[in-house]
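Work through the strand pairings of the sheet, then place the helices on it. Each exercise has a task and a worked solution.

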Amino acid sequence: MHPRDQTIFALSSGRAPSAIAVVRVSGTQAGLALTTLAGRLPAPRQASRRLLRDGSGQPIDDAVVLWFPGPGSATGEDIAEFHVHGGRAVLSAVLAAISFIPNTRAAEPGEFTRRAFENGKLDLTEAEGLDDLIHADTDRQRRQALRQLQGLLGDRARDWRERIIAASALIEAGIDFSDEGDVPAELRAPAVKAIEALHNEIVKVLVAQGHSERLRDGLVVAIAGEPNVGKSTLMNQLARREVAIVSPHAGTTRDVIEVQLDLDGYPVTVIDTAGIRETDDPVEQEGVRRARARAEDADLVLWLVEGGSAVDPDGRSSLWTSGDGGDRSGSSVWIVRNKIDLAGPGGAGPAGEFGISASRGDGIPELVDALVAFAASFFGTTEGALVTRTRQRDLLRQAADSLRRSLDLVEEGEELAAEELRAAAYALGRLLGRVDVEDVLGAIFQKFCIGK
């Protein structure tokens, strides 16, 4: 029997021990699993209390069971659920009893969701939204993922695809009636109008989204500067706990330290790096190399200096100059003047720079507010954002490009324009996961947890 035809089972709740654990079974043998352990099938979609027994008739647990006959279930297949006490011994006994049923096996990561996708219960954008919802750490991530799960992008993409197919039908009808004089022109005009509207809608979505797909991964902020200027102290202030060692000795931080923050719903990864300086210590040299690399890849660098120190007018060239002399100016860089409590009057520096005291907390709220504003500008409009993944953005861009080319070609020949319309519809089909997506399914579903 093919693995996709086998009945699958898994623990779908949190790791044991727990108060309650949910074991799901999906496939043709789900009903047999339920009758084997619980005695008989309960009424569909109604919770029923049963004493579960193993294959030899020995009691396992006093549990609640549910029965969801397909296709009216989450996966489109028959589903049985066992809500048992979450002890390890109970779970082990339940899973062992199910495994003895013919043609059943343990589920792979994301296999329940993949079967739901394959049975038409959700499209690929909704499956991606479910994955994002599972891994959401902040409220904005949660809201964005939930909108995807509810079909925000999928519904729009289906509508766009249907309209493209309708426009393509008009264009191809013009080809079929090319010998009828004015018939092609009559069909071409409404098709061109529809294609222009579609192209403008998709381009508007792409332009308006900003970096909305980056909300999944979050903003990366690197704290950099010379040794002993207070980088680790600032890191601890932002994290509101001691995550980095603070020492008066230069070179204490030699590796990259990361902490995940939730700033007004925006996910932000703050990186504390080694002090950047010339050194003969090979371990510290490696720390400096990693600091430069992480600062280069960061979306924002907080370049920390002491309150009264001069700043390189060429834009912190010491930060971006590596051993090969390459340019490292890709990230936004803010000057943050630390120890303003020791620098005396005017120690905070010129306007546009931030003055703080990392040890006392002076200026930290203002810096955090600025980080939130930067994140809001960076991510763009996340409320109502359609694009949440690079894959989605790329396919929408392909569809928009094909629509534009079809407009350019429609006067030259309907055949070429029709081919570009087919390419646009194909790109949206890939977006929804309905055509030629086998290469991306494994990459998406293997990231799900087992039991989902």
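**Exercise 1: the centre pairings**

Task: find which residue in β5 stands opposite Ile20.

Solution. Ile20 stands opposite His85 in β5. The model is predicted: local features need pLDDT of at least 70, side-chain atom pairs count only at pLDDT 80 or more, and totals for chains, interfaces and linings use all residues. Residues are numbered from 1 along each chain as its sequence is written, and side-chain values use heavy atoms, without hydrogens and water. Strands (E, at least two residues) and helices (H or I, at least four) are DSSP runs numbered from the N terminus. Two strands pair if DSSP finds at least two bridges between them. Strand β2 and strand β5 (residues 79–86) run antiparallel, joined by 8 bridges.

Next, take β1 (residues 7–11) and β2 (residues 18–26): they pair antiparallel over 4 bridges. Leu11 has Val23 in β2 as its bridge partner. A hairpin results, with 6 residues between β1 and β2.

**Exercise 2: order and edges**

Task: give the strand order and explain why β3 and β6 have a side without a neighbour in the sheet.

Solution. The open sheet has 6 strands, ordered β3-β4-β5-β2-β1-β6, with mixed pairing. β3 (48–53) and β6 (104–106) are at the edges and have a single partner strand each, so one side of each lacks a neighbour in the sheet.

Now the parallel pair: β1 and β6 are joined by 3 bridges. Ile8 stands opposite Arg105 in β6.

**Exercise 3: a helix on the sheet**

Task: which strands does α1 touch?

Solution. Helix α1 (residues 30–38) packs on the sheet and touches β1, β2, β3, β4 (59–68) and β5. Contact means heavy atoms within 4.5 Å.

Definitions and conventions:
Axes fitted to C-alpha atoms, helices over the stretch in contact; angles between N-to-C directions.
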